[in-house]
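Me: Could you take a close look at the aromatic pairs for me? I'm in my first year, so please spell out the terms as you go.

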Amino acid sequence: VNSETSPVRIADLILPVFAVILSGWIVGYTGYLSRSLSDALIHFSYNIAMPALLIVTIAQEPSRSLFRWRFLVAFGGGSLLCFILVFAIMSLRGSRSLASRTMHGMAASMTNTGFVALPVLEAIYGPRAVLPAAIATVFVAVVMFPIAVILLEVGRRDANGAHTSPTATVRKVVLNPMVLSTLIGMLLSILDLRMPGPVTAYLGIMADALTPCALFAIGLGLSMDALRASIGRASLLSVVKLVIMPLIVYGLSLCLHLDPLYTIAAVICAAVPTAKTAYILAGEYHCEEMMVASTVSLTTLASIVSLVVWLYELSGLATRIAAG
């Protein structure tokens, strides 16, 4: 790892992201824009921009490249173990709903590989490091999102009593924009169907709107009182996300004898901030928005330091890659 380049590169990637969140908070705090606009941005991101991104991301990956089982077990296993850990701890406390426990688990385990991990890995290790980052991105889309949606829908049904039948819940899950777009992307990938250029470009334009809309919505909907109220939980979840999850993934990678490049990729993908789309889920289901917003903000800022530490700790593996 180039120790001079990595911190600068990471800061260059993360600081603008945090600045968009801060900009949203400033315009909301000053009254330049109404905080109520945050809901509209969330609905657009959830129903339009995110599905477009999922279809483009998954459909463009050859299906054979998405089944590197050792990498999937290492990265995916770490993600699921962290989710289960936090979900179980919240369940033992017994004071929160299923939806709330789900969002706590997702805040600690739903990782955003796209805007940090992928460009960092590409900048330091070249194009060959892009594939594992893409696989991690697809895992989040194909496994983590549907799990969250299913639990949130079940939580919503339970909250409504017996008004919603299990069949209606299943239908809602399958027709959910995130789940449906994931299924479409997987079908296109498995059948090796290439979308026409204009369609890909159109979806790309919509997908590009996700990052600014989601990050701005996080800041716009964030109040200092709510931030102070949730800072304790957000801090603990940030430790799980940036320290415990990468440690678990690193341990699994060693046990599975992953090659050095895929080990580094798995750990870095685990060590990036909580996905901004976790906030989109929280906003759409009106559950723990402030806690998730605080966690996204904290992990985004803290990852400037934590990613440098992880890259330094993994430098021995990087030397083996260079020698190879």
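Reply: Sure, let's start with what a pair is: rings of Phe, Tyr and Trp (for Trp, its six-membered ring) pair if their centres lie within 6.5 Å, and the pair counts as stacked with planes under 30 degrees apart, edge-to-face over 60, and tilted for the rest. By that rule, the structure holds five aromatic pairs. One of them joins Trp25 and Tyr29, and it's stacked, with 4.9 Å centre to centre and 20° between the planes.

Before going on, some ground rules. What you're looking at is a predicted model, where local features need pLDDT of at least 70 and side-chain atom pairs count only at pLDDT 80 or more, while totals for chains, interfaces and linings use all residues. Residues are numbered from 1 along each chain as its sequence is written, and side-chain values use heavy atoms, leaving out hydrogens and water.

Back to the stacked pair. Trp25 and Tyr29 sit four residues apart in helix H1 (residues 5-30), so about one helical turn separates them. Helices here are DSSP runs (H or I, at least four residues), as are strands (E, at least two), and they're numbered from the N terminus. Is Tyr29 buried or exposed? Tyr29 counts as exposed because its relative accessibility is 57%. The cut-offs are these: buried is under 20% relative accessible area, exposed is over 50%, and partly exposed is in between, using a 1.4 Å probe and protein chains only.

Now for another pair, Phe71 and Tyr262. Their rings meet edge-to-face, 5.6 Å centre to centre, with 90° between the planes. Phe71 belongs to helix H3 (residues 69-93) and Tyr262 to helix H12 (residues 260-271), so this pair ties together parts that are 191 residues apart in sequence. Phe71 counts as buried, at 1% relative accessibility, and Tyr262 is buried as well, at 9%. Ring pairs also link these two with Phe75 and Phe139, giving a cluster of Phe71, Phe75, Phe139 and Tyr262.

While we're talking about buried residues, have a peek at Val292 too. Val292 is found in helix H14 (residues 289-313), and it's buried, with a relative accessible area of 0%. What does Val292 touch, not counting residues up to four places away in sequence? Its contacts (heavy atoms within 4.5 Å) are Met103, Ala278, Tyr279 and Ala282.
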